[in-house]
Amino acid sequence: MIQLDNVHVALKGFDLTIDELRIPKGFTVGCIGRNGAGKSTLIRTMMGLTVPARGDVLWDGAPLDVAMKERIGFVYDDLYYPKEFKVKALRRLFRSVYPTWNDSLYTELLESYGVSEKKKIKQLSKGMKMKTQIALALAHDPDVLIMDEPTAGLDPVVRRQFVAMLRDWMDAREDRTLFFSTHITSDLERFADYILLIDDGRVKFFLPIDEVEERFVLVRGTTNTLSERDQAMFEGVEWRGSQFTGLIDRSTHPIADDWIVERASLEDILYFLTEVTHDEARIID
Amino acid sequence: MDIFISHERPEPLYAQIVEQVKEQIARGVLEPDEQLPSIRNLAKQLEVSVITTKRAYEELENEGLIYSVHGRGSFIRAQANNAKTEWLRLEFEKKLEAVLQEGRLLGLTANDIRLLIDVYLEEEETK
Amino acid sequence: MKRALSIEWQTWRSYGGLYLLIFLFPLLFGVTFFGPISLFFFIMIFSQAWYNEQANVEQLELSLPVSRDDRLLARFLMYPMLLIVLGVASIVFVFILTQFAVWKEFVGPDQVASLTSGIPSIAFAWFGGMLLVIGLLLLVYTVFSFKWATIFIGVGYFLSIGLLLLAANVDMESNRTNGEVSGSIEVTGGWLSQLPVETAMLGIGTLGLIVYVVCFFLARLSYRRKTI
């Protein structure tokens, strides 16, 4: 569905480099990474807002054009519209540009979310702004949903409802594609088909969920069961007194039978695989 | 099909599905030529990714436990009876191994363990 | 293209009632209403640009199904369209006002005379002058940040006022010499005084249009590669 080749984005103080990335059609791709890792930049690059210094970004094999954008629903981390405007201004705007706009569906969604169109945008809470964006995105019946941290600022109950809603949306038709970036990895655990891990402006991995589960495990133990050689086998280790917890990639290092092995959650994977800066390391010590 | 998956256990979800299907076949819960839910439906039911259910079915097919008919779905392949008992026996051996390991960790010697087994077996016989 | 214009219009329509303010200017200022209208216009542009940058509106607008080219073209079309509408509305309003003796007394006979004689050429010169400034402004705003556009706006305002006063002065002078359009008028402006006034008006007007078109094409080149 979306193809990035040899892409390099150079911004002030930040670089994003993607050698090759293929987002498949009809699946849910969860993009995880720390704040500032490049998730938003990636999304902006896909949407044609950020122009890369080099490389190609293709949608269905062609550069992003107007016809393709008609099929894309987007939800960003904020409502980027003049804050003094009333919410109903957004309906006018979207209705005039999307040929597949369904006005009654939009009304229904806003009502179910409890968003009042008479309010000014600045009067909406973070959660309301998100819901408004979702309503705007869904109301024109897109084939693809691109979301940049849509659940940030939502409480856990609302987040669960949100993920359930996305599930329903994906299940309703077979060819729908969802690209969803978040640092709240628990949202994706039971939901994503593919996981894209971005760290420090680079892709750490892009794997289907079965492979992620297959490869990454947490190993716990006491330091006396760990030899020097063993330590190098971990993707990342953490020490608490004489106890260690480490992440192992089973495809590169098999597990010994007498180790205590645990499921590595996406958060664990993110934690152990990402770079900890020197300043941060100092805080931990 | 009743499958229970746990997000806490270290085994990948697809592996858990495979194990449970195997067990159900061995116990006769799933019968030959019985149709399995589609990968989409199973994914919905278990709230997992279709990638997981697809992988599970692929593994099962590779192991000769199910077969798929294009456009119709996946079905249980008839297993020779001894294949079923073979599997159950393997499961038993695995459990035995785990128990023995625990015994070793507790500090029991091979003799201690043999004595314990005899005690239990005798109890069984007198019942 | 229709979509792009619609998007551009959304922010303008929100000013709603403010547009009625323009009718105040001929009422109060007579022929020099062109000055205050320009100022008013620049304030509108200023606030629109400020709002857009504050709220990062382009991020939303360019995610919608419009091309960057169309979006920019719509912006460049909207300004002349609004200028024409406002300009024509003001002129019509002024003509209505000239029917009222009360108003004529209020602004004075000179004003009225010059209004009823030289309006079309003054209007065209004003239009061209505005386009010249707006074009450069939009270009700078597209290529650079809001800060530079703001600096330019101040310069642009004083320039256009200067030009207009010059034009008005020239015109009034020509009226005093019995409607004769001649080159021997004591007017500051160097070589401008050698030209017939009408030609000067036409010149400024046309120059403005040309500059505007050139600014559009330059802006488009930059906009295609701009990171929002």
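Start with chains C and A shown together: across their interface the rule finds one salt bridge, a term that here means a side-chain nitrogen of Lys or Arg within 4 Å of a carboxyl oxygen of Asp or Glu. This is a predicted model, in which local features need pLDDT of at least 70 and side-chain atom pairs count only at pLDDT 80 or more, while totals for chains, interfaces and linings use all residues. Residues are numbered from 1 along each chain as its sequence is written, chains are lettered from A and ligands numbered from 1 in the order in which they are written, and side-chain values use heavy atoms, with hydrogens and water left out.

**Chain C against chain A**

Select A:Glu70 and C:Arg3, whose side chains meet in a salt bridge with an N to O distance of 2.7 Å. Widening the selection to the whole interface brings in 13 residue pairs in polar contact, both residues being at pLDDT 80 or more; a polar contact is a pair of N or O atoms within 3.5 Å, where within protein one must be able to donate a hydrogen and the other to accept it, and residues adjacent in sequence count only if both atoms are side-chain atoms.

Next colour chain C by its secondary structure, where helices (H or I, at least four residues) and strands (E, at least two) are DSSP runs numbered from the N terminus. Helix H1 (2-13), helix H3 (34-55) and helix H4 (57-61) of chain C are the elements that give two or more residues to the side touching chain A, and H1(C) has the largest share of that side, with six residues. Sorted by class, the side of chain C that touches chain A has ten nonpolar, nine polar and seven charged residues, where Ala, Val, Leu, Ile, Met, Phe, Trp, Tyr, Cys and Pro count as nonpolar, Asp, Glu, Lys and Arg as charged, and the others, Gly among them, as polar.

In total, 26 residues from chain C and 28 residues from chain A take part in the contact, which is defined by heavy atoms within 4.5 Å. Between them, chain C and chain A bury about 2,500 Å², with 62% of it on carbon and sulfur atoms; buried area is the accessible area (1.4 Å probe) that two parts lose on being put together, summed over both.

**Chain B against chain A**

Now hide chain C and show chain B, of which 19 residues are in contact with 17 residues of chain A. The area buried between chain B and chain A is about 1,600 Å², and carbon and sulfur atoms give 48% of it. Label B:His7, B:Pro10 and B:Ile51, which supply 34% of the area that chain B buries against chain A, more than any other three residues.

Across this interface of chain B and chain A the rule finds three salt bridges; A:Glu214 forms a salt bridge with B:Arg55, the closest N and O atoms being 2.7 Å apart. The interface of chain B and chain A also has nine residue pairs in polar contact (both at pLDDT 80 or more). Helix H1 (13-26), helix H2 (39-46) and helix H3 (50-62) of chain B each supply at least two residues of the side that touches chain A, and H3(B) gives the most, with four residues.

**Helix H4 of chain B**

Move on to residues 81-106 of chain B, helix H4, which has 26 residues and reaches 38 Å from its first C-alpha to its last, close to the 38 Å expected at 1.5 Å a residue, the expected span being 1.5 Å times one less than the number of residues. Its buried residues are B:Lys84, B:Trp87, B:Glu91 and B:Gly103, where buried means under 20% relative accessible area, exposed over 50% and partly exposed in between (1.4 Å probe, protein chains only). These buried residues of H4(B) pack against H1 of chain B. After H4(B) comes B:Gly107, whose phi is positive, near 100°.

**Salt bridges within chains**

Over all chains, a search of the whole structure finds 39 salt bridges. Select A:Arg202 and A:Asp19, which form a salt bridge with their closest N and O atoms 3.8 Å apart; A:Arg202 lies in strand S10 (residues 202-208) and A:Asp19 in strand S2 (residues 14-23) of chain A, 183 residues apart. A:Arg202 is partly exposed at 43% relative accessible area, whereas A:Asp19 counts as exposed at 52%.

Finish in chain C with C:Arg71 and C:Glu61, whose side chains meet in a salt bridge (2.9 Å, N to O). C:Arg71 belongs to helix H5 (residues 68-97) and C:Glu61 to helix H4 of chain C, ten residues apart, and both C:Arg71 and C:Glu61 are buried.
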